[in-house]
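Let's walk through a ligand site together, asking at each step what earns a contact or a label its name.

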Amino acid sequence: MIERILPAAVIAVEAYEDPPDAALFPEEEQVIAKSVEKRRREFTTARHCARQALARLGLPPAPILPGERGAPGWPDGVVGSMTHCDGYRAAAVARSRELASVGIDAEPHAPLPGGVLDAIAREEELPHLDELRRASPGVHWDRLLFCAKEAVYKTWFPVTHRWLGFEDATLTFDPGGTFRARLLARDTPFAALDGRWTADGGLIAAAIAVKPL
Ligand SMILES: CC(C)(COP(=O)(O)OP(=O)(O)OC[C@H]1O[C@@H](n2cnc3c(N)ncnc32)[C@H](O)[C@@H]1OP(=O)(O)O)[C@@H](O)C(=O)NCCC(=O)NCCS
């Protein structure tokens, strides 16, 4: 699913189940030693996907440890992103000479829990979502807004090493499968980030890939 919305320079691997043979490096094992089973499974399978993706780039298996503010530590010369939600895990990687950053996010394709939309949407995004809902009622646009904003953060952070709040970007969607995030934060390296989205089999996903700056 995620590969469809990423350019050819990105290698993406996804999993709909947790393979029993997925293994961690000892330093990764340490990170989740005290975590609950659900966290252990998503962490492990996402890394299983990431190592398969890295192998397709020609790179050997390596630990992928959460670094600054949770951002994954990729091998030198690699940019990438990981996501996990119920029933889905994915990793996407590319050579940093080809792309400056990649951000992916997947979510269950269901309405957001009550109260969340107000916390994540800017005022001007609400009438836009209403319009989209009227035009394409089969899409949970509130969930897509959340999903795309998460992808924006995952793209933004590895480049800037700075926090970006939900109010710091304003998003517009095209029902055909694209979106644009206009960045409102100060000193942003990108005026806007362009991404693609898809909904399939009970999931909704958003992906952004940025050319070298
Ligand atoms: C970090 C965050 C984006 C993760 O998204 P999520 O939907 O909760 O969870 P997902 O399963 O999709 O993604 C988790 C993965 O994101 C990655 N991630 C975590 N922090 C990250 C960061 N600072 N930068 C880039 N990637 C990050 C990690 O790979 C993590 O998986 P791991 O812990 O197994 O390595 C989210 O929890 C968050 O803090 N959001 C607030 C900031 C934001 O979204 N702002 C909107 C700006 S418009």
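Q: How do you know that the side chain of Thr83 makes a polar contact with the ligand in this predicted model?
A: An oxygen atom of the ligand is 2.7 Å from an N or O atom in the Thr83 side chain. A polar contact needs such a pair within 3.5 Å, so this one qualifies.

Q: What makes the pairs at Arg47 and Glu107 polar contacts?
A: For Arg47, a side-chain N or O atom is 2.7 Å from a ligand oxygen. For Glu107, the distance from a ligand oxygen to a side-chain N or O atom is 3.5 Å. The cut-off is within 3.5 Å, so both pairs count.

Q: How much of the ligand's accessible area does the protein cover?
A: On its own the ligand has 930 Å² of accessible area, and the protein covers 84% of that.

Q: Which residues are the closest of those that surround the ligand?
A: They are Arg39, Arg47, Thr83, Asp105 and Glu150, out of 22 residues around the ligand. A residue is near a molecule if one of its heavy atoms lies within 4 Å of it.

Q: What makes up the shell by class?
A: The shell has 10 nonpolar, 4 polar and 8 charged residues. Arg and Glu count as charged, so Arg47 and Glu150 belong to that last class.

Q: Which element gives the largest share of the shell?
A: That is α5, with 5 residues. As for domains, domain 1 (3-102) and domain 2 (105-210) each supply at least three residues.

Key: Residues are numbered from 1 along each chain as its sequence is written. This is a predicted model: local features need pLDDT of at least 70, side-chain atom pairs count only at pLDDT 80 or more; totals for chains, interfaces and linings use all residues. Side-chain values use heavy atoms; hydrogens and water are left out. A polar contact is a pair of N or O atoms within 3.5 Å; within protein, one must be able to donate a hydrogen and the other to accept it, and residues adjacent in sequence count only if both atoms are side-chain atoms. Accessible areas come from the Shrake-Rupley method with a 1.4 Å probe; for residues, only the protein chains shown count as cover. Helices (H or I, at least four residues) and strands (E, at least two) are DSSP runs, numbered from the N terminus. Domain bounds come from an automatic or database domain assignment.
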